[in-house]
Amino acid sequence: MKTGTFKNGMAWASMGEGSKIALLIPGGPGNPAPGKGVGSKAPFKLLRGLIRSDFRLISVARPRNMPKGHTVADMAKDYADMIQAEFDGCVELIVGSSYGGIIAQYLAANHDSCFKH
């Protein structure tokens with residue numbers, strides 16, 4: 001597993017070396033950095049079939065120190081901006097879990113050009 005932080009401060013962890021990107025948006029509560037702590041590899045284990053299908057899985061945490069009043073729509077824009085900056089504007093697949101699923105719904109509604117599925 002590889003970990004890091006994008007230029008905008010969003011922490012990430014990745015697994016796999018495929019040519020297609022599957023962006024994982026984790027749930028809550030809280031906003032732990034991906035790849036840290038107990039169960040950090042669990043989301044990757046659940047999606048290991050994607051790794052066998054030429055995907056690189058990248059789990060990306062929500063931004064740190066969000067301002068008061070930062071909405072789910074704002075968080076979706078944070079992800080869309082990160083995808084634009086780090087992945088040339090589009091990833092193959094987005095998978096949201098729990099609270100991350102709500103953010104993914106906002107991405108689908110407001111930023112559908114930043115992913116294919």
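Helices (H or I, at least four residues) and strands (E, at least two) are DSSP runs, numbered from the N terminus. You are looking at a predicted model, so a local feature needs pLDDT of at least 70 and side-chain atom pairs count only at pLDDT 80 or more, while totals for chains, interfaces and linings use all residues. Residues are numbered from 1 along each chain as its sequence is written, and side-chain values use heavy atoms, with hydrogens and water left out.

**Stop 1: helix α4**

Select residues 99-110, which make up helix α4, and pick out Tyr99 there. Tyr99 is partly exposed, at 31% relative accessible area; buried means under 20%, exposed over 50%, and partly exposed in between (1.4 Å probe, protein chains only). Now add Ile102 and Tyr106: with Tyr99 they form a nonpolar patch on the surface, and their accessible area together is about 240 Å². Patches take residues with over 30% relative accessible area and no salt bridge, joining like charges within 9 Å and nonpolar side chains (Val, Leu, Ile, Met, Phe, Trp, Tyr) within 5 Å. The areas come from the Shrake-Rupley method with a 1.4 Å probe, and for residues only the protein chains shown count as cover.

**Stop 2: the cores**

A nonpolar core here is a set of buried Ala, Val, Leu, Ile, Met, Phe, Trp, Tyr and Cys residues joined through side-chain atoms within 4.5 Å. In the largest one, which has 23 residues, select Leu23, Val60, Tyr79, Met82, Ile94 and Leu107, the residues that touch the most other members. Two or more residues each come from β3 (20-25), β4 (55-60), α3 (72-86) and α4, and the largest share, 7 residues, is from α3. Center on Leu107 next: beyond its neighbours within four places in sequence, its contacts (heavy atoms within 4.5 Å) include Ile25, Tyr79, Ile94 and Cys114.

There is also a second, separate core of 6 residues, with Ala22, Leu24, Leu50 and Phe55 among them. Click on Leu50, in helix α2 (residues 48-52). Leu50 counts as buried, at 19% relative accessibility. Its contacts outside the four-place window in sequence are Ala22, Phe55, Leu57 and Leu93. Try a distance too: the C-alpha atoms of Leu50 and Ile21 are 9.7 Å apart, with their positions 29 residues apart along the chain.

**Stop 3: the cysteines**

How many disulfides are there? The count is 0, taking a disulfide as a pair of cysteine sulfur atoms within 2.5 Å. Show Cys90 and Cys114: the sulfur of Cys114 is 7.1 Å from that of Cys90, its closest cysteine sulfur, and that is too far for a bond. Cys114 is buried at 4% relative accessibility, whereas Cys90 is partly exposed at 29%.

**Stop 4: the salt bridges**

The whole structure has 3 salt bridges, each a side-chain nitrogen of Lys or Arg within 4 Å of a carboxyl oxygen of Asp or Glu.

- Glu17 and Lys2 meet at 3.2 Å, N to O. Glu17 sits in the loop between β2 (11-15) and β3 and Lys2 in strand β1 (residues 2-5), so this pair ties together parts 15 residues apart in sequence.
- Asp81 and Lys77 meet at 2.9 Å, N to O. Both are in helix α3, 4 residues apart, which puts about one helical turn between them.
- Glu92 and Lys116 meet at 3.6 Å, N to O. Glu92 is in the loop between α3 and β5 and Lys116 in the segment after α4, so parts 24 residues apart in sequence are tied together.

Stay on that last pair. Is Glu92 buried or exposed? Glu92 counts as buried, at 18% relative accessibility, whereas Lys116 is exposed at 56%. Besides Lys116, Glu92 touches Lys20, Ile21, Phe55 and His117, not counting residues up to four places away in sequence.
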